[in-house]
Amino acid sequence: MTGPTMLYLIKQLELAVRSRLDELLRPESITPLQYTALTVLERHADLSTAALARNAFVTDQSAADMVAVLEERGLIARLRDPADRRRRVLRLTEPGVALLDRVRDQVAAVEAGMLAPLTDREAAAFRRYVIACRGALAEHPPH
């Protein structure tokens with residue numbers, strides 16, 4: 001092998017994306033992990049904290065801490081599960097949706113900038129490859 005390993009390159013890409021997102025999200029006073037949690041709840045309402053942790057790629061404890069912060073800020077709500085009144089689930093609030101709407105175009109621009117060197121066909125293939133690689137390593141297959 002002549003160059004850096006794929007794992008090294010993927011980590012470098014992740015760090016570059018995180019750096020851009022840190023910059024972009026700083027005015028909203030949220031972290032990239034908190035942003036990820038909000039987008040997960042946008043796609044999947046009524047998740048438990050444990051399910052949010054799995055979908056946001058954080059530990060249960062980190063998710064619990066993050067949920068407390070996001071709930072305190074009014075970006076998410078903890079509600080009784082309509083299917084099981086003993087269980088509490090998480091849901092994005094209107095202020096949470098508004099925050100995502102404010103940053104949506106900027107986040108899309110970061111992704112577009114990352115993919116700019118690729119053709120549309122290469123970008124679609126890259127997406128498939130990333131999904132396949134993540135699936136190969138996931139304890140829980142993606143939803």
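## Salt bridge within helix α1

E14 and R18 lie four residues apart in helix α1 (residues 6-25), and are therefore separated by about one helical turn; helices are DSSP runs of H or I, at least four residues, numbered from the N terminus. The side chains of these two residues form a salt bridge (3.1 Å, N to O), a term for a side-chain nitrogen of Lys or Arg within 4 Å of a carboxyl oxygen of Asp or Glu. E14 has a relative accessible area of 28% and is partly exposed, as is R18 at 32%. Buried denotes under 20% relative accessible area, exposed over 50%, and partly exposed in between (1.4 Å probe, protein chains only).

## Basis of the description

The structure is a predicted model, in which local features need pLDDT of at least 70 and side-chain atom pairs count only at pLDDT 80 or more, while totals for chains, interfaces and linings use all residues. Residues are numbered from 1 along each chain as its sequence is written, and side-chain values use heavy atoms, without hydrogens and water.

## Salt bridges involving helix α5

R102 and E28 are joined by a salt bridge of 2.8 Å, N to O. This pair links distant parts of the chain, 74 residues apart: R102 belongs to helix α5 (residues 94-115), and E28 to the loop between α1 and α2 (32-43). R102 is partly exposed at 47%, whereas E28 is buried at 15%.

R104 and D101 form a salt bridge at 2.7 Å, N to O. Both stand in helix α5, three residues apart, about one helical turn.

## Overall count

By the stated rule, the count is nine salt bridges.

Conventions:
Helix = DSSP H or I, 4+ residues; strand = E, 2+ residues; numbered from the N terminus.
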